[in-house]
Amino acid sequence: MSESKRYTGLIEKYRDRLPVTPDTRVISIGEGNTPLIRLENIPATTGKQIDLYVKYEGLNPTGSFKDRGMTMAVTQAVAEGSRAIICASTGNTSAAAAAYAARAGITAFVLIPEGKIALGKLAQAMIHGAVVIQIRGNFDAGMALVKEVAEHAPVTIVNSINPYRLQGQKTAAFEIVDELGRAPDFHCLPVGNAGNITAHWIGYSEYAGLQTAACAFCEGQCRYPSAAVTGSRPVMVGYQATGAAPFLRGHMVDHPETVATAIRIGHPQSWDRAWSVQKESGGWFDECTDEEILAAQKLLTEQEGIFCEPASATSVAGAVRDIRSGRIPEGSSVVCTLTGHGLKDPDTAIKQCQGGMLTIDANLDAVKAAILDSLA
Ligand code: F0G
């Protein structure tokens with residue numbers, strides 16, 4: 001009889017590299033283990049020889065990479081006896097917090113910017129039973145409030161300032177190295193709070209047996225020192241939306257604006273850490289306009305069959321531009337993280353497809369004509 005080993009989430013998979021003990025009650029919904037997809041059609045449009053992959057984090061249980069950090073943060077919160085968690089969110093963190101709190105049997109409070117969160121994310125937070133608090137302000141205002149209120153109320157913050165979040169999120173880098181057999185040459189991500197780029201760097205560093213100043217967890221004394229699994233780390237490249245690009249401006253931005261609402265953030269929480277990542281990896285930050293972001297989202301759907309939300313497409317928009325210009329040299333292997341699923345934001349997707357739907361009478365002739373016209 002063949003022995004089947006059911007996949008039960010990233011904490012079980014990478015238990016020896018995560019802050020859990022044999023007795024820890026793990027709060028998991030089977031997150032992680034997302035596909036690393038080699039792009040087949042987009043590389044040809046660059047005119048360059050390039051090995052381009054996307055890590056499709058939209059296939060996590062709640063449809064975004066946030067599940068990686070949330071399984072760890074909620075597991076820890078429960079271990080500490082916490083009965084409630086809280087976060088500010090542009091949407092995905094709130095969806096993940098709501099789901100993992102439901103799984104754990106605790107309460108989630110989520111602060112979201114009124115009118116600026118994608119429909120799917122709002123639906124998730126509400127249906128999982130979170131206490132959804134809309135604020136008349138943006139993510140940055142919400143984050144400031146969450147930090148303040150956590151000092152006065154018995155709630156655990158599960159934003160990425162909670163170091164357990166990044167511990168969970170670092171496993172994305174482990175999976176990539178495990179699958180490729182080595183680290184890629186470049187890793188490109190969309191950047192909002194810069195937690196995810198930091199978490200990836202922590203993961204890559206750990207697998208390379210190297211320390212990083214970006215890790216808040218062990219304060220320079222890595223808890224998980226071990227023989228290097230791989231001999232190199234990638235160059236880390238972070239892309240921001242032009243209207244919300246503090247890393248490009250060199251200072252905080254007070255009124256961030258972008259169609260990619262997930263990264264509509266002007267005051268990144270992992271500012272110093274992300275600069276450490278940039279310096280240690282020899283990487284850079286760049287910006288993409290909303291038009292470039294939406295074009296990349298469409299390119300992925302139409303040429304590769306992969307549907308990600310706008311913020312996620314920022315990584316591909318920037319990477320393709322840097323591949324074309326040669327800043328990312330020919331012959332490189334490149335991984336782009338697609339942070340969230342396209343179904344998170346159906347409104348933006350539909351808006352991009354004006355005129356894409358035919359309306360006809362319900363009879364055979366009309367359907368036939370519609371097909372023949374379309375093929376002509
Ligand atoms: N992509 C998506 C889809 C996101 O939801 C986020 C962040 C990012 C990229 C940026 O990641 O902040 O670690 O640099 N979303 C947070 C939220 C802010 O509340 O869901 P980061």
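# A walk through the chain

Let's start with how the chain holds together: among contacts with a separation of 6 or more, 71% are between residues 24 or more positions apart. Keep in mind that you're looking at a predicted model. The chain has 15 helices and 10 strands, and 57% of its 376 residues count as buried.

How does its overall spread compare with that of a compact globule? For 376 residues, such a globule would have a radius of gyration near 21 Å, and the chain has 21 Å, so the two agree. If you box in the C-alpha atoms along the principal axes, you get roughly 65 × 60 × 45 Å. On the outside, the chain exposes about 16,100 Å², and carbon and sulfur atoms supply 53% of that area.

Now for the strands. One open sheet has 6 of them, in the order S1-S2-S10-S7-S8-S9, and its pairing is mixed. S1 and strand S9 (284-288) sit at the edges with a single partner strand each, so one side of each has no neighbour in the sheet. From one strand to the next, the twist averages 25 degrees.

Let's cross this sheet, beginning at S1. Strand S1 (residues 36-38) pairs with S2 in the antiparallel sense, over 3 bridges. Here Ile37 stands opposite Val54 in S2, and Arg38 stands opposite Tyr53 in S2. Strand S2 itself (residues 51-56) is mostly covered, with 5 of its 6 residues buried. S2 also pairs with strand S10 (residues 333-338), this time in the parallel sense and over 6 bridges. In that pairing, Tyr56 stands opposite Leu338 in S10.

Further along, S7 and S8 run parallel and are paired over 5 bridges, with Leu189 standing opposite Gly238 in S8. Another 5 bridges join S8 to S9, again in parallel, and there Gly238 stands opposite Phe285 in S9. So how much of S8 is buried? The count is 7 of its 7 residues. Both faces are covered: Val235, Val237, Tyr239 and Ala241 are buried on one side, and Met236, Gly238 and Gln240 are buried on the other.

The other sheet to look for is open too, with 4 strands in the order S5-S4-S3-S6 and parallel pairing. Its edge strands are S5 (131-135) and S6 (156-157), each of which pairs on one side only. Inside the sheet, strand S3 (residues 84-88) and strand S4 (residues 107-113) pair in the parallel sense over 5 bridges. One place to see this is Ile86, which stands opposite Phe109 in S4. Helix H6 (residues 139-149) lies across S3, S4, S5 and S6, and runs at about 150 degrees to S3.

Next, have a look at the aromatic rings. There are 9 aromatic pairs in the count. Take Phe247 and Trp271: their ring centres are 4.6 Å apart and their planes meet at 25 degrees, so this pair is stacked. The pair links distant parts of the chain, since Phe247 is in helix H10 (residues 246-249) and Trp271 is in helix H11 (residues 271-281), 24 residues apart. Both Phe247 and Trp271 are buried. They also belong to a bigger group, as ring pairs link Phe247, Trp271, Trp275 and Phe285 into a cluster. You've already met Phe285, the residue in S9 that Gly238 stands opposite.

Last stop: Gln352, in the loop between helix H14 (346-351) and helix H15 (364-375). Is Gln352 buried or partly exposed? With a relative accessible area of 21%, Gln352 is partly exposed, because the buried class means under 20%. Leaving aside residues up to four places away in sequence, Gln352 touches Leu294, Gln297 and Lys298. Gln297 is 55 residues away along the chain, and the C-alpha atoms of Gln352 and Gln297 are separated by 9.8 Å.

Note on methods: Residues numbered from 1 in each chain as written. Predicted model: local features only at pLDDT ≥ 70, side-chain atom pairs only at ≥ 80, totals over all residues. Heavy atoms only, no water. Pairing = 2+ DSSP bridges. Helix = DSSP H or I, 4+ residues; strand = E, 2+ residues; numbered from the N terminus. Contact = heavy atoms within 4.5 Å. Axes fitted to C-alpha atoms, helices over the stretch in contact; angles between N-to-C directions. Rg over C-alpha atoms; globule rule 2.2 N^0.38 Å. Buried < 20%, exposed > 50% of the residue type's maximum accessible area, 1.4 Å probe, protein only. Areas by Shrake-Rupley, 256 points an atom, 1.4 Å probe, with all protein chains shown as cover. Phe/Tyr/Trp six-rings, centres within 6.5 Å; stacked < 30°, edge-to-face > 60°.
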